[in-house]
Amino acid sequence: MAFVQNVSLKEIADLCDTLGLLVDRMMEPNSLAMVVGITKNVIFSKLASKVLSEVELQHPIQKIIHNAAFLYTVETGDDSKVFLLLFKGIMNGIEDMLRDSNEIEVRRTILKQIAFFKSFIPDIFRNILNTYALFSYVNFCSPPKELEGLILTFFDSKFSANISKKLSSLIYSFLSHSISNSSQAIHALEYFISNFDAFCTKAIAPLSESRILEGFLLHKKLSPLFKHNKLVYFLVILNLPCKSDDAIWTTNGDSFSEKMEHLWDNVDKILKQLKHFEISLILTENGVSIDFESLCLQNDILIISRVSKEDIENILHLLNISPLNNLHDSVDPKNIGYLESLTSHGVGGTSFTHLKAFVNNHVYLVPHHILLCAPLEEVLKDYYSECLNCLKAVKQWLQPNNKQFFHEEKIQNHFEKDCNWLLNYSKPNMTFERNLHNYASGIAFPFGLFEFALRNILVQFYSEKLLSVKKLCDILDSALLTVIHKLWNTPKSMIVEEKDYLEFQKKVKCKIDVPIEPASNKENLLLRVLQLVEQLIKIDAILSIK
């Protein structure tokens, strides 16, 4: 049976307000939310996404809002606090319009103005970037202060100071040591994000046990019987005998015992040939038979079996070697990998095998691995997901070199009196023309100042160009004012009076050394919020089928 339930704009605004209030009090630097969630666990968190995941959402409208916020977090790595706060502010402004206009007129007006406004967003952002954003060159061989500031800003909004400092140090160290070619930084980050399981191993232990290891880390215990020299030559073989009678059909002989004897004679010959190549390690995804593993050890060859597919593919890709399909394939130099060392690590009662590899000097990625620790499984999941989200945020920060950049001169012209400190803050180490091809470029806003910049630009925007979107701009202005107020715990009256961007930036800079966040995140934020508002305003009824 189908039921149709009419939904008023006032009801939609009230539902939005309810969700918005969940994060309203989580904006202050030291605030934590305590939630008794649907899993019946008591959750303490600064993460809006974590809180929302524990809230049982009954109404379809709330589920739409939650899904939109979740999608924003997945795309950008940013938490949904500001997303929900900005969205709540806009919906409150729309609700205020209902006092003077009927609902049909309000829906029509807002939809029309949003559609018109969205077409000008690229121009608005170009103006903001050219006027307010910080421009920095990013050389990962000597990472800039801006990278450290962006990572610290990211974690500071999600965890306590001690945890934020440790996680920031881990990710900063991982990126600065792993990316050897700055021109390939965006490509490297895309690879990290797609294969994060192969770069981050989790362990139940104090966070202080976390570290960055050069090379690869496998969730395997190293055999105590294995003896090796400093240099280890190894192969990746995709298919190995899993049972003692595997591949008997390929051998000669009439009886079962003759076949088995012939099989292991052949295997022993092949292993002796591998030993001639000084191969002392074989990696494989498969399980292997005890007989085969024993025969390998007799030939001083260690088998590490059941290595995850992600780890195997990562090792092959980063070391630029090719696997053998089976034991009978001939060995070429392209199949052989080189390890500087092969050691065992124990953390929190779990054993790992550490492979420190030799790499080509011309590779764009130097293999490094994050050993991430937390005292509880649930906490470890949060650390892991936010480390991945941080990589997404760094990727959002970087822009391809073929994009149009703004220069120091534009900032100089706009701030004639007091811009020396800002220029020093964002000044590249080397000249633009000579070194652009060696660098990825990062464009960022000081934390919380995008909203300040957007408010200033919007005033100019609707006063000089488009009075037809004045109502939407007024609503945005009020919503942005609320966001700034919550981000910096600053009275709204003081923010309204504050007109000078540089002066305001000096005031907030004292709270975080280099407080910046990706510019592209902010464009995505505004677009996603406006798209969600559009979607909800179009809903005037819900069809339920039971």
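**A three-stranded sheet in a predicted model**

User: In this predicted model, which residue in β14 is the bridge partner of Ala 203?

Analyst: Ala 203 falls within β5, which spans 200–204. Strand β14 covers residues 368–374 and pairs with β5 in the parallel sense, over 5 bridges. The partner of Ala 203 in β14 is Cys 373.

User: Which helix packs on the sheet, touching β5 and β14?

Analyst: The helix in question is made of residues 377–397. Its direction makes about 145° with that of β14. This is helix α13.

User: In what order do the 3 strands of the open sheet lie?

Analyst: The edge strands are β5 and β6 (211–214), each pairing on one side only. The twist from one strand to the next averages 25°. Pairing in this open sheet is mixed, and the order is β5-β14-β6.

User: At about what angle to β14 does helix α8 run?

Analyst: Helix α8 consists of residues 161–178. It lies across β6 and β14. Relative to β14, helix α8 runs at about 170°.

User: What percentage of the chain's residues count as buried?

Analyst: The chain contains 21 helices and 18 strands. It exposes about 25800 Å², of which carbon and sulfur atoms supply 51%. A residue counts as buried when its relative accessible area is under 20%. Of the 546 residues, the buried share is 53%.

User: Among contacts between residues at least 6 apart in sequence, what percentage join residues at least 24 apart?

Analyst: A contact here means heavy atoms within 4.5 Å. Of the chain's contacts between residues at least 6 apart, the share joining residues at least 24 apart is 78%.

Key:
Residues numbered from 1 in each chain as written. Predicted model: local features only at pLDDT ≥ 70, side-chain atom pairs only at ≥ 80, totals over all residues. Heavy atoms only, no water. Pairing = 2+ DSSP bridges. Helix = DSSP H or I, 4+ residues; strand = E, 2+ residues; numbered from the N terminus. Axes fitted to C-alpha atoms, helices over the stretch in contact; angles between N-to-C directions. Buried < 20%, exposed > 50% of the residue type's maximum accessible area, 1.4 Å probe, protein only. Areas by Shrake-Rupley, 256 points an atom, 1.4 Å probe, with all protein chains shown as cover.
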